[in-house]
Structure formats: C-alpha cells, structure tokens
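Trainee: I'd like to practise reading a model and backing up each term I use. Could you take me through this one?

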Amino acid sequence: MKSFLYIGLFLSCLAVSAQSEKARLEQQRAAIQAQINQFDKLLTGAKKEERSVLSQVQTIDAKISKTQEIINITNKQANLITRSINTNAEEIKKLNAEIKELKKDYAAMIVKSYKAKNDQSRLMFLLSSENFLQAYKRVQYLNAYADYRKKQADEITVKSNTLAKKNAELEEEKAQKKEILAANEKLRNELKKDKSEQVVLLEEVKKNEKQYAAEIRTKARERDKIDREIRKIIEADIAASNKGKVGATKGKFFLTPEAKELARSFQNNRGKLPWPVAEGVITRRYGVQPHPVLKNLPIQSSGYRFQTPNGARARAVFDGEVVQIVKANNGILMVHVRHGNFTTSYGNLKNVSVRKGQKINTLTELGEIFTDRDGITELHFAILEETKTQDPARWLLSK
C-alpha cells in the first residue's frame, strides 16, 4: 500500500514539475518574441528610410540570434509535450484496463445478486442460521456485500470520469504540439529568409569595407571624447561637493545623510532598475567587444546603447536629481542624474523635459531621443559610481 502511495506522490510531483517547466518556457518564448517584434519594427523603419547598411546588418544579426533562441525553446516545448502525451497515453491504457476489470467483477456480482434477489431467499438465508451469533454475522455479510457493490459502482464512475478527463487532456496536448510545431516551422522559414538577406547585406559591406571601417573609427573617437567629457564633468561635481567640507575624501562625493540613503537605496536595487526606454533593443553592451558587423574592429563601450522607434523618450531609471544638462556643438543633449554617489547618464537626446536641479522619480521622462540622418534612434546610457563606469547588465532588469 505504501509503495503505491509513494508512486502516486512521485507521479504527482512529476506532473507539477512538468507544468512549471511548461509555464517557464512559455514565459521565455513570449519575452523573446517581444524582442523579435522590436527588431522587425526597427528593420521595417530601416528599409523604409533607406538606413545605413551597417545598421541593417547589425539589427538583422541580432534578430537571427533571438530567432534561433526561440526555435530552441519551441523544440524544448515540443519535447515536453511529447513526454506528457506519452505519460497520459500510458495512464489512459492503465485506466482502461482497471475499468475493464472492475466492470467484469461488478457484472459477476450483479449475476450473483440476481440469483438471490428475492427477499424470501435472503430471509431463508438468515433463518437457516444455527444460532443468533451466526444470524448476526450473516446480516453483517449481506450489508457488507451491498456496500461493496456500491463501492465498486462508485469506483467505476470515478475512474470513467478520470479517463474522460485524461482523454480530453491528451487531445488538448496534441493540439498544443501541432500549434508549437507550426510556429517552429514558421520561425525556421523566417530564419532562412533573414540569413539570405544578411548574406546580401554583408556582400555590400564587403565591397565598401574601408569606408565603413573609417566611419566606425571616427565614431569611436567621438565616443571617447564624450566619455572624457563625462568624467571631467563628474570630477568637477565631486570637487564642488567636497569644497569646504570637513572629512571629504578626494575623488569621492561628499554625501549628506539624505544622499547616503539615496545611494544605499540605488545600490539595493541593483538588478531591478527599469530600462531607460519603454521599448527597444540593446544594440551595444558594456566593455571591449568586436564590432557587430566588422568583427576585426574592436570597440570600447562605457555603457549600453538602446535602439528604439522614432520619437521615443528617455526615462530615469531611479529617483534622483538632475545635476547636469550638457549640450554638444551639434546641438545634441545629455542629461546626468545623481543618485547619491552614483550617476546615470542619458545621451543623444534631441530635447529635454527636465531642468538642472530638479528632483525626479523613477520613470520620469527626461527628453526625446535623437534620430540621426540614417533614421537610427539610439539612446546612449551609462552608470557611474563616482567616476568609474559600471556594467548596466548588473543593474538593469534582464529581459
């Protein structure tokens, strides 16, 4: 009896685990599909506006990577459903055998009851007892027999209902598997199409590789210049905060009790900060990395870049104070928000909707992101502790 109980508990645990895995995979699939939809939106805009080939290659390369991820997930989903279908089929087979045996036993009992169905037979069975004790035991037997018949009938009903439920689950799982496989096939076709398009675009890049490489190096120099300017601005802010303060440390912000609390709160939210854009995709991550198109060109990134739809607005990732609004010679704006001894930087803005010295909250809109002549709308985002840049991957919510 105990062994059957353990087996039942084990199967129940497996079922719960399978359902949990199904939910997790579906959640992953939905999240990646949302990113693919973003890439599709960006590619549509890129083609319509005849955007630079490099931008198109970079976006389509990222989309291909995400499409492969979602194909892998749908494969896992299909395998999980297949295992569940096989388990259900085995349970259905077992239930059918049990119901058949129960019905056979029940039919035998009905026949036996029919042969002794009249009250006179039951009465004679009791009156033929040799003594009172035997008569009492025969009454108990008749009652137990009747109860057993009812129990058998109830068990047949319960198992029949369970069988119907299992059959319905089986059909539903078969339909789910069919839907998953159809989605997988569609994704494979899209992947094939994207790879063909990528080959054509890469051929064009190869023809003009020197020109594109020169553009990338020019932009890298501009980016290095901006990074140096950001550090100078923060160094000047640190010096201003320390001026005339007892106990100030060189190279570190002098913090009031309120600023210390804000810094602690910011630090406690590491890995939970919202994205600085409502929708978009990461087109560049932190650190030294090969260029996404011209792989032989290493690039240094002090933060993240988020490509977004035209007209998108940057938003603050945490409560803080706007400490600087910097305007470049070309009119492009950058907003610096202080969170104690941490600073978040939002660059490549067309206009701003905040002012210097303003206290702001998480998700406060800071300004519209600039769209360049190639039609690319891209936010340059950085996090710094004092003057040291941080990897946003450690601070922002993962998607």
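Mentor: Happily. Keep in mind that the model is predicted. Let's begin with I369, which touches V277, T308, A312, R313, A314, N348, L349, K350, T377, E378 and L379, once neighbours within four places in sequence are left aside.

Trainee: What makes these residues contacts of I369?

Mentor: Contact means heavy atoms within 4.5 Å, and each of the listed residues meets that limit with I369. I369 itself sits in strand 10, residues 365–369.

Trainee: Why is I369 called buried?

Mentor: Its relative accessibility is 0%. Buried means under 20%, so I369 counts as buried.

Trainee: And how far from I369 is the C-alpha of V352?

Mentor: The two C-alpha atoms are separated by 9.0 Å, and the residues are 17 apart along the chain.

Trainee: E378 was among the contacts of I369. Which residue does the E378 side chain meet in a salt bridge?

Mentor: R305, at 3.5 Å from N to O. The pair links distant parts of the chain: R305 is in strand 4 (residues 304–308) and E378 in strand 11 (residues 377–385), 73 residues apart.

Trainee: Why is the pair of R305 and E378 called a salt bridge?

Mentor: The term asks for a side-chain nitrogen of Lys or Arg within 4 Å of a carboxyl oxygen of Asp or Glu. Here an Arg and a Glu come to 3.5 Å, so the name applies.

Trainee: Are R305 and E378 buried or exposed?

Mentor: Buried: R305 has a relative accessible area of 16%, and E378 has 12%. The cut-off is under 20%, so both residues earn the word.

Trainee: How many salt bridges does the structure hold?

Mentor: Eight. Another of them joins the side chains of K359 and E321, at 3.5 Å from N to O. K359 lies in strand 9 (residues 359–360) and E321 in strand 6 (residues 320–327), so this bridge ties together parts 38 residues apart in sequence.

Trainee: What makes K359 exposed but E321 partly exposed?

Mentor: Exposed means over 50%, and partly exposed lies between 20% and that value. K359 has 66%, so it is exposed, while E321 has 28% and is therefore partly exposed.

Trainee: How do you know that R264 and E261 are about one helical turn apart?

Mentor: They are three residues apart in helix 6, residues 257–268. An α-helix has 3.6 residues a turn, so residues three or four places apart point the same way. The side chains of R264 and E261 form a salt bridge at 3.0 Å, N to O.

Trainee: What makes helix 5 close to its expected span?

Mentor: Helix 5 (residues 209–242) has 34 residues, and at 1.5 Å a residue the expectation is 50 Å. From first C-alpha to last it reaches 49 Å, so the two values are close. Just after helix 5, G244 takes a positive phi of about 75°.

Trainee: Where does helix 5 come into the largest pocket?

Mentor: In the lining, where helix 5 gives the largest share, 13 residues. The lining has 49 residues, with K219, E222, R305, N348 and H380 nearest the pocket's centre. By class, there are 17 nonpolar, 18 polar and 14 charged residues. The space inside is about 1600 Å³.

Technical notes. Residues numbered from 1 in each chain as written. Predicted model: local features only at pLDDT ≥ 70, side-chain atom pairs only at ≥ 80, totals over all residues. Heavy atoms only, no water. Helix = DSSP H or I, 4+ residues; strand = E, 2+ residues; numbered from the N terminus. Buried < 20%, exposed > 50% of the residue type's maximum accessible area, 1.4 Å probe, protein only. 1 Å grid on protein atoms, 1.4 Å probe; cavity = no way out; pocket = protein on both sides within 12 Å on 5 of 7 lines; lining within 4 Å. Points joined across faces, edges and corners; volume = space filled by probe spheres on them. Nonpolar A, V, L, I, M, F, W, Y, C, P; charged D, E, K, R; others polar.
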